[in-house]
Amino acid sequence: MNKIYLMALLFPFGTWALAQQKQPVAAVYTTAQGSDLKISKTGNLSFTDLKQPLETQVCIFVDPSKTFQTLVGIGGAITDATAETYAKLPKAAQQEFLKAYYDQANGIGFSLARTSIHSTDFSSDSYTYIKENDAELKSFNVKHDEKYRIPLIKQAIQAAGGKLTMFVSPWSPPAFMKTNGSMLKGGKLKPEFRQNWANYYAKFIKTYEAMGMPVWGLTVQNEPMATQTWESCVFTAEDERDFIKEYLGPTLQKEGLSDKKLIAWDHNRDQMYQRASTILSDPEAAKYVWGIGYHWYETWTGSGMLFENEKLVKQAFPDKELIFTEGCVEKFNIDSIGSWALGERYGYSMINDFNSGTAAWTDWNMLLDEKGGPNHVGNFCFAPVHADSKTGKLIYTNSYYYMGQFSKFIRPGAKRIVSSSNRDKLLTTAFINPDGKMAVVVMNKSNDKLPYYLWIAGKAAESISLPHSISTIVLE
C-alpha cells in the first residue's frame, strides 16, 4: 500500500488515540425496546488500558487501520405512493417529514434516493411517458410526475442541503414493447424494441436533469426474474448482459451519460452471484457496469438472508460495487405497526450488508398511508413512516430509528473499518467518516442485558447493550 495513503488512513485514528490521553470519552446514542430511547444520547464512555482481554470478557474489537468500501449513502425511495401520501399531508406535517428524513442534526440525514421510470405497484395507476405505439418517443413527457413526485424530489434535494444522490429504475417497458402486450404480469422485451427502450432511459434521465433533479445512476430492470401481478419484465442473465453491452451501455455513452452508475441485477440475494458472474465475466458488458444491486426478499422462499452471496460477488469482482436497492416488510397490518421486529430486520440486514462490502443502502417507500399504500394491485407494505390521513399525523415505526442509527452518524465518503464481536448476540459494523469521527454500531437482538468492552488498540471502554437495542458509539 502507498505509504502516504496509509498515513492518511491512519491519521484520524492517530488523532483519536492522542485525544484519548487527554479526554478518553465517546458518545453513545441508543434506540431500545420498552423505553423512550430513540436515537437518544445515553452517556459517554471512558477508555482505559486493557492490553489483552480475557475470553470471558465480552468485547467489540475495532481496528480503524483496516479500511474497506467507501459509503455512497443511505436513503429511501421516493415512489409515487410516497409522493401522493406526502401531498395530502398538512403543511406542518410535510415539513416534519422532510426534516425527519433529510436533516442530519434534527433528523436522520438521508443522503440517497431511488425513484422509478414511470409506474410501479406503488403508483395509483399504470402509466408511461409516451403515447401507445410511439416507438420513436416523440410524445415523451413526464407531466404525470409533475403532480406529486417531482415536487417532492425537489423539496427533498433542498432539505438534504442541495445534494441528493439519486438513482432510477424501470419496472416495465411500455406494453407494446413487450411479448405479453401488458406492463403487468411479466413478459419480455421484444428484440425489435431494445434500442427504443434504451433510448427511453436516456430520455428520462435527461428530462429529469433538465428539470433540476440530478441522476447519479440507474438500474437495468427492477426484479428481472419476477413475474408479478404488477409492472414487471423478465430478463435472463444472458438477456440482461446482452442488453447492457449491445444497447443500454452504448446508448448511455452516445448520449453523454457515461458518468451514470449502471447497476445490474436489482433483485434478491439468492441468485446474485449467478447473475453477477454471467454479466461481469463478459468484459464488453462489464465495462459499462458500476455494480450489482440486490433486494432482501429471498426470504419468500423460506430462506434466511443470504449475506454470503454478497461477499462472494465482492470477492470475485472486487472492482465492482454492491448496492442494496430495495427492502421493506411486506403484508401491512396496522396492528403490527409497533412491532419491534420491523426495525430489527433493518438493523440485522444493514450490519451484515455493510460487512459484506455494500457501498450504498436504500429503503423502499419512505412514507405510506395507514393502509400501507396507495398501491394499484393491493400489494400493501410497511414503511418506516406512515401517515394517518384522517388526522394528518405521522406515525414512526422503529424501522425509522434503526436506519437512523446508521444514516445520522455514518456519512457519504465514510470508509468501513474492522468491528468484530466475540459473542453472536452482539452484531456490529463500523465506519470512519471523512471528518475523522468513528461510528461503531452495536445491535443486540437478544432478551439479555449485555455488558461489553469497546476495545481499540489496547484501550477499552465499558458499556452495556440493552435487550433488543441498537447503539451507535461516536468517537471524536
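**Close-up views of a predicted model**

**View 1. Strands S13 and S14 form a hairpin.** Between the two strands lie 4 residues. Gly392 sits in the turn, with a positive phi of about 75°. The model shown here and in every view below is predicted. S13 spans residues 385–388 and S14 spans residues 393–396. The two run antiparallel and are joined by 4 bridges. One bridge pairs Val385 with Tyr396 in S14.

**View 2. S12, S13 and S14 make up an open sheet of 3 strands.** The strand order is S12-S13-S14, and the pairing is mixed. S12 (367–369) and S14 are the edge strands, each pairing on one side only. Neighbouring strands are turned against each other by 35° on average, direction ignored. S12 and S13 run parallel, joined by 3 bridges. Here Asp369 has Ala387 in S13 as its bridge partner. The S13–S14 pair, in contrast, is antiparallel.

**View 3. Helix H3 lies across the sheet strands S12, S13 and S14.** The helix covers residues 91–102. H3 runs at about 30° to S14.

**View 4. Helix H9 has a buried side and another side with exposed residues.** H9 comprises residues 307–316. Which residues of H9 are buried? They are Phe307, Asn309, Glu310, Val313 and Lys314. These residues cover an arc of only 160° around the axis, so they fall on the same side of H9. Glu308 and Gln315, on the other side, are exposed. The packing partners of the buried residues include three strands and two helices. The strands are S9 (289–295), S10 (321–326) and S11 (358–365). The helices are H7 (272–280) and H10 (340–355).

**View 5. Asn433 occupies the loop between strands S16 and S17.** S16 covers residues 426–432, and S17 covers 438–444. Is Asn433 buried or exposed? Its relative accessibility is 7%, under the 20% cut-off, so Asn433 counts as buried. What does Asn433 contact, leaving aside neighbours within four places in sequence? Its contacts are Phe409, Ile410, Arg411, Ala414 and Ala439.

**View 6. An annotated domain covers residues 73–410.** The unreviewed UniProt entry labels this stretch "Glycosyl hydrolase family 30 TIM-barrel". Over these residues the chain is 34% helix and 18% strand. The C-alpha atoms at the two ends of the stretch are 9 Å apart.

How values were computed:
Residues are numbered from 1 along each chain as its sequence is written. This is a predicted model: local features need pLDDT of at least 70, side-chain atom pairs count only at pLDDT 80 or more; totals for chains, interfaces and linings use all residues. Side-chain values use heavy atoms; hydrogens and water are left out. UniProt positions are given in the numbering used here, feature names are shortened, and annotations may be inferred rather than shown by experiment. Buried means under 20% relative accessible area, exposed over 50%, partly exposed in between (1.4 Å probe, protein chains only). Contact means heavy atoms within 4.5 Å. The arc is that of the directions from the helix axis to the C-beta atoms. Two strands pair if DSSP finds at least two bridges between them. Axes are lines fitted to C-alpha atoms, for helices over the stretch in contact, and angles run from 0 to 180 degrees between N-to-C directions.
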